[in-house]
Amino acid sequence: MSLETSTIRAPEFDAAAASGSASLRVDGARLWDALMRLAEIGATPKGGVCRLALTELDRQGRDFFVAQAKAIGCTIRVDAIGNIFARRPGRDDSLPPVMTGSHIDTQPTGGKFDGNYGVLAGLEVLRTLSDAGIVTDAPLEVAVWTNEEGSRFVPVMMGSGAFIGEFALDHVLAQSDRDGVRVGDALRQIGYAGPEPVGGRPVGAYFEAHIEQGPVLEAHDKVIGVVTGALGQRWYDVVLTGMEAHAGPTPMALRRDALLAASELVGTVNRIALDHGPHGRGTVGCLSVHPDSRNVIPGKVSMTVDLRAADDAVLGKMDAALRAACAALAERTGVAAHVEQVVYFPPQPFEARLVQAVRDGAARLGLPAMEVVSGAGHDAVYLARVAPTAMIFVPCKDGISHNEIEDARPEHLEAGANVLLHAMLDAARRR
């Protein structure tokens with residue numbers, strides 16, 4: 001599937017109808033204050049945040065969000081996987097909601113903005129509409145999705161995946177962390193095992209605002225990333241098996257060195273990505289060497305491979321290139337290569353008309369913008385399977401994320417929230 005093609009229809013963008021609220025803007029200082037207050041929950045000494053999913057700190061973060069949402073008149077619903085939905089009614093509540101959101105769980109050494117920005121930008125949109133006395137035709141909702149990061153529990157993007165039916169509820173509730181604590185028990189412990197069914201209801205449109213988590217916008221001096229879609233991903237576990245032997249008596253030409261083969265494969269993965277540019281990605285993130293002894297030739301290496309591309313056909317070619325390289329390596333070196341694919345996310349295009357609404361919103365506000373493709377997974381990738389979806393990126397300093405030094409400029413965060421505001425207003429008009 002190409003990221004330039006979308007099969008889901010959404011309402012046409014109508015600039016004239018939007019003109020009545022063209023001057024409406026969010027309160028950037030209020031948004032920043034909310035972000036800093038949430039960042040105090042799980043704050044780390046280096047200025048980041050550690051707020052793992054379904055911990056006591058996560059409960060405090062959720063309580064903060066719920067209190068803020070109730071203060072502006074939202075109703076709160078929590079489903080059985082702990083997803084939270086803050087709803088602002090519309091003139092016709094029978095219409096499917098226009099939804100935005102993200103997550104507030106973090107990496108162990110996470111930052112203040114990943115996920116949190118999308119949640120609180122959505123809440124700021126609702127505050128702004130309340131302050132202005134504007135009632136939309138369709139209801140609006142801000143979602144807090146459970147366990148997006150996957151740091152404590154797998155699978156990643158658990159809440160949104162369950163919402164769209166990718167994961168069975170019983171399956172995810174039974175997943176355990178390293179200490180044997182199950183998701184279902186953790187939800188009950190923090191008081192967020194909700195009574196609402198998971199998913200099974202229509203969503204009129206879904207927007208997600210997010211820091212880019214990469215360096216492209218900053219490098220091009222752009223404020224808004226108009227996200228056209230997300231890269232497809234294939235993850236693999238690769239095991240290379242040679243023969244461990246004494247490092248002294250074994251001549252170089254007679255060795256079956258699994259680590260030597262692995263080092264060659266690392267370079268091959270990099271070359272495969274470069275050969276399939278501009279959106280090809282290839283990463284070896286983990287290596288485990290056996291027997292891991294100074295004077296023993298490694299006999300076994302386990303490694304991970306992560307391949308990504310914007311087009312499914314290209315991703316398939318990269319898969320074939322990896323498997324062919326492993327087969328050739330095994331034949332030439334005598335080191336057996338076993339390749340197992342463990343994750344597959346197809347490339348996900350976002351809805352063309354909602355993407356255009358983001359593009360138009362940036363232009364209307366006079367914000368420098370460019371098209372980008374998301375290289376990371378987001379809750380929006382799952383929502384796009386069941387609803388018209390688009391994302392809004394803003395820069396982060398040096399492209400750094402999943403790090404305590406993650407940073408973003410207040411004016412950029414405000415700009416992205418303003419684009420979100422006008423995109424949601426457009427989508428929430430009756431057609």
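Visitor: How many residue pairs are in polar contact between domain 1 and domain 2?
Guide: The count is one residue pair, with both residues at pLDDT 80 or more; a polar contact is a pair of N or O atoms within 3.5 Å, where within protein one must be able to donate a hydrogen and the other to accept it, and residues adjacent in sequence count only if both atoms are side-chain atoms. This is a predicted model, in which local features need pLDDT of at least 70 and side-chain atom pairs count only at pLDDT 80 or more, while totals for chains, interfaces and linings use all residues. Residues are numbered from 1 along each chain as its sequence is written, and side-chain values use heavy atoms, with hydrogens and water left out.

Visitor: Where do the two domains run?
Guide: Domain 1 covers 25-231 + 347-428 and domain 2 covers 232-345, with bounds that come from an automatic or database domain assignment. Taken over C-alpha atoms, their centres are 36 Å apart.

Visitor: And what area is buried between them?
Guide: About 800 Å² is buried between domain 1 and domain 2, with carbon and sulfur atoms giving 65% of that area; buried area here is the accessible area (1.4 Å probe) that two parts lose on being put together, summed over both. Leu231, Pro347 and Val373 supply 66% of what domain 1 buries against domain 2, more than any other three residues. Ten residues of domain 1 are in contact (heavy atoms within 4.5 Å) with ten residues of domain 2.

Visitor: How many salt bridges cross that interface?
Guide: The rule finds zero salt bridges across the interface of domain 1 and domain 2, a salt bridge being a side-chain nitrogen of Lys or Arg within 4 Å of a carboxyl oxygen of Asp or Glu. The overall count by this rule is 26 salt bridges.

Visitor: Which residue pairs with glutamate 124?
Guide: Glutamate 124 forms a salt bridge with arginine 30, and their closest N and O atoms are 2.9 Å apart. The pair links distant parts of the chain, with glutamate 124 in helix 4 (residues 116-132) and arginine 30 in helix 2 (residues 28-39), 94 residues apart; helices (H or I, at least four residues) and strands (E, at least two) are DSSP runs, numbered from the N terminus.

Visitor: Is glutamate 124 buried or exposed?
Guide: Glutamate 124 is buried, with a relative accessible area of 0%, whereas arginine 30 counts as partly exposed at 25%. Buried means under 20% relative accessible area, exposed means over 50%, and partly exposed lies in between (1.4 Å probe, protein chains only).

Visitor: What else sits in helix 4?
Guide: Asparagine 116 lies in helix 4 and counts as buried at 1% relative accessibility. Leaving aside neighbours within four places in sequence, asparagine 116 is in contact with several residues, among them Leu35, Arg51 and His103.

Visitor: What about arginine 359, which partner does it have?
Guide: Arginine 359 meets glutamate 371 in a salt bridge, at 2.5 Å from N to O. Arginine 359 lies in helix 11 (residues 352-364) and glutamate 371 in strand 15 (residues 369-374), so the salt bridge ties together parts that are twelve residues apart in sequence. Arginine 359 is partly exposed, with a relative accessible area of 27%, and glutamate 371 is partly exposed at 48%.

Visitor: Changing topic: how many disulfides are there?
Guide: The count comes to zero disulfides, a disulfide being a pair of cysteine sulfur atoms within 2.5 Å.

Visitor: Why does cysteine 326 have no bond?
Guide: The closest cysteine sulfur, in cysteine 286, is 16 Å from the sulfur of cysteine 326, which is too far for a bond. Cysteine 326 is also buried, at 2% relative accessibility.

Visitor: Which peptide bonds are cis?
Guide: A cis peptide bond joins glycine 277 and proline 278, with omega about 5°, and the bond from histidine 290 to proline 291 is also cis, with omega near 10°. Proline 278 is in the loop between helix 9 (258-275) and strand 9 (281-283), while proline 291 is in the loop between strand 10 (287-290) and strand 11 (296-297).

Visitor: What is the phi of leucine 54?
Guide: Leucine 54 has a positive phi of about 65° although it is not a glycine. Most residues other than glycine have a negative phi. Leucine 54 is in the loop between helix 2 and helix 3 (56-71) and counts as buried at 3% relative accessibility.
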